[in-house]
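Grab a coffee and work through these exercises with the model open beside you. Each one has a task and then a solution in steps.

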Amino acid sequence: MYAFCWITMGRHTKMRTMDCSWLAFQLALLLLVGKQALAQIKYSVPEEVEEGTVVGNVAKDLGLDITSLTNRRFRVVSGSKDAIFEVNQNNGALYVHKHIDREELCQGSGACLMELKILVENPLEIHYVVVEITDVNDHSPSFPEREQTFDIAEHTLPGRRFQLHTARDPDAGINSIRTYTLTSNEHFELDIRESDEEKIPFLVLKKSLDREQKDKHTLLVTAVDGGKPQRSGALNVSVVVLDSNDNRPMFSQEIYQISVRENVPVGTSIFRLNATDPDEGTNGEIEYSLGKTLRRKIYENFELDKLTGEIRIKGVVDYEENDVYKLDVEASDKATLPLTGECRVTIKIIDVNDNPPEIEVTSLSNTVSEDSKPGTIISLISVTDKDSGMNGKIISSITSDVPFELKPSYKENIYSVVTKGFLNREEVSHYYITIKATDCGEPPLSTYKTLNIQISDVNDNRPCFYQNPLQFYLVENNVAGGSIFSVSATDKDLDDNAVISYHIVRDGSQTDIMSFLNINSENGQISALKSFDFETIKTFQFQVVATDSGTPSLSSNVTVNVFILDQNDNAPVILYPLSSNGSAEGVEEIPRNVNAGHLVTKVRAYDADIGYNGWLLFSLQEVTDHSLFGLERYTGQIRTLRSFTETDEAEHKLLILVKDNGNVSLSATATVIAKVVEPKEAFAASDVKSAATVEEGNDVTFYLMITLGSVSVLFIISIIVLIAMQCSKSTDYTSKYLQETNYDGTLCHSIQYRSGDKRYMLVGPRMSIGSTIVPGSHANTLVLPDRRSATSEQPEQM
């Protein structure tokens, strides 16, 4: 939509007119469609006005708020360094900034118009103002030479015409040359021929000359313009009367019109003139020459062969510099008193597509926020082409694959670069927008312009952990207060939007473990204020929240599962033998008539650790007779190596060392007193003991396989091999008094810790639920209820 305001101003007065009804219609239409109607304003100012002269109030005519002009950077956008017009940001007035010379800005008599771009920002607007420079009569007509001489034969007939120098006046319109005058005389008069926009004066002989009466005539030709007051210029004309040749060369026509394409090669012949002279001999031989008063550019670009009349290209012919040339050509004979004929050759230059389009970036925002909505304007550009017609028609587009597009303005070849989709800095943080402008010439010419656009970050990404949940393994007995592990999150955003802080979620539903954990908010390093005991707690869980520093901040959480790894920090505990005072010491009675391989007893122990740390090995440290007793390394069974003799001692002391398989092994000792008795004395006790031992041995083997199998496949294979080896041994059960039981492993047990009672609950074969380790008792002993009473309460398993 356009709203036009026409304002004209004279040297000292200013008149403003506006079509209010049309403007009201435009404003109503603006309210309907919701878009801003841009107004084009036209002012008029005469040349030569003083600098500072106010042309008009642009801000007021555009309806802009004068108080906001400075903040909105109200200004004139000019391609040249020295702008002729500027605006006052205080009052919105457009004023003359530099001396105006219409003849320097615009040549010819047409309207001299200057189009100004008025730019305001926040929001970005561009308006176009046309200023017409009106002419004042500040130049007098002038002739290229002050004097002109004609040689005229005395027999020249009246009516003969002689072309005078043409005066030039840079002023236009009414201020240009209007007429020529000649001093009063009886032989000559003036004839003015109208040619295009020029008036060509001719000196016409109205009465025959007589050299004998007067051989020279002095005349004064005056060129007068139409200004007020009038200005004039004079030419002194001298006429020398000759007595000779009476026929002059003649062209076939007075004006020739030809067309030439621009940029034709130097030396190209474009036209051949031909003049004729009816005289004979030297009086009929013709030479051609260009007029002496033509513009300098004509002599630079064209040359004329004086003998053939051929016009050739001498320099570069550029349509954009000048689209028409007018050549005055003279043909003179070679008589003693030569005669001359004249013609004019008008050369029109045909445009070719030799200028690529030009792209000008009027305004550019180098940084665009990634949350910008589609349609956001980031730049204004204008494209121009010096060629004309189809050669100057331009097609513009964005060639790169970017989320931006060109939106045409109301004015041709003015575009806005806008976003056409949503931006994501994390995917693409930088764009190069390549704009291509191609004209419609043949062949077409193109120009490229690249805009460098940075995408600024907004906080649109949450911190992210590499996995959820996180698994950490912590060896027990860690140093209290030391770092145990760390968590880390990443954020795809930048700067403060990517600065992450950490904290542990603490609420009423969490266990007391959370009170012993601290986290470094900057690097996610987690430290424990206490030392963890595998035998007390084997695993725990908590949550960590990672929060960025954006506005508003975003966060995410991760579940952390911590598994406590066992260390060999528990010494073996002797379960059997135990004395009444809690020491690891027992007495075993052995019938004297037992054979080799008889099971004396089995030392049973347990270790609170797991794996190799809880795998126990048995060895004899002291024994009174090494040839009589042997100890199974893996089961703790004590067997006789031979039969008793009459010379053997009646009491033997065995010191057994129980050691685990940790890197730094821990151990405990047990003492067994073996008493050799007669068979009748040991029969009753041995019978009861043998039955209980059979049941316990069978159950211990079963639980041992389950426990060690849960630790690792390696343990399962090892235990199976040990069991197979133990079962393959041949045992002699020839005693008529006792049935011997085959024990084949350490105690397999389940352990439960009750924090309220501060005691361990051992649940195993043939053990009551009340068996406990009493705090403060011997470190390697276990206090148990009476085994025989417990055994008597349970039926024997078959």
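Buried here means under 20% relative accessible area, exposed means over 50%, and partly exposed is in between (1.4 Å probe, protein chains only). This is a predicted model, where local features need pLDDT of at least 70 and side-chain atom pairs count only at pLDDT 80 or more, while totals for chains, interfaces and linings use all residues. Residues are numbered from 1 along each chain as its sequence is written, and side-chain values use heavy atoms, with hydrogens and water left out.

**Exercise 1. Take stock of the whole chain.**

Task: work out what percentage of the 798 residues is buried, and how many helices and strands there are.

Solution. Start with burial: 46% of the 798 residues are buried. Next, count the secondary structure, taking helices (H or I, at least four residues) and strands (E, at least two) as DSSP runs numbered from the N terminus. That gives seven helices and 54 strands. Then look at the surface, using Shrake-Rupley areas with a 1.4 Å probe, where for residues only the protein chains shown count as cover. About 41400 Å² is exposed, and carbon and sulfur atoms supply 50% of that. Finally, take contacts (heavy atoms within 4.5 Å). Of those with a separation of 6 or more, 66% join residues 24 or more positions apart.

**Exercise 2. Check the confidence.**

Task: find the mean pLDDT of the chain, and say where the pLDDT is below 50.

Solution. pLDDT is the predictor's confidence in each residue, from 0 to 100. The chain's mean is 79, with 79% of its residues at 70 or more. Residues 1-39 have pLDDT below 50, yet this stretch has 64 contacts in the model beyond near neighbours in sequence. Residues 687-698 are also below 50, with 23 such contacts.

**Exercise 3. Sort out the cysteines.**

Task: which cysteines form a disulfide, and is Cys440 buried or partly exposed?

Solution. Look for a pair of cysteine sulfur atoms within 2.5 Å, the disulfide criterion. The structure has one disulfide: Cys106 and Cys112, with sulfur atoms 2.0 Å apart. Now check the torsion: 65° about the S-S bond makes the link of Cys106 and Cys112 right-handed. Both Cys106 and Cys112 are buried. As for Cys343, its relative accessible area is 5%, so it is buried. Cys440 is at 27%, so it counts as partly exposed.

**Exercise 4. Follow a loop glycine.**

Task: where is Gly227 placed, and why does it count as buried?

Solution. Locate Gly227 in the loop between strand E15 (216-225) and strand E16 (232-242). Its relative accessibility is 3%, which is why Gly227 counts as buried. Leaving out neighbours within four places in sequence, Gly227 touches Asn137, Ile174 and Asn175. Asn175 is 52 residues away along the chain, but the two C-alpha atoms are separated by 4.5 Å.

**Exercise 5. Compare two strand residues.**

Task: say in which strands Tyr473 and Asn518 are found.

Solution. Tyr473 lies in strand E35 (residues 470-475), and Asn518 in strand E39 (residues 517-519). Tyr473 has 56% relative accessibility, so it counts as exposed. Asn518 has 35%, so it is partly exposed. Beyond four places in sequence, Asn518's contacts are Ile504, Arg506, Gln525, Ile526, Ser527 and Leu529. Measuring C-alpha to C-alpha, Asn518 and Ala528 are 6.4 Å apart in space and 10 residues apart in sequence.
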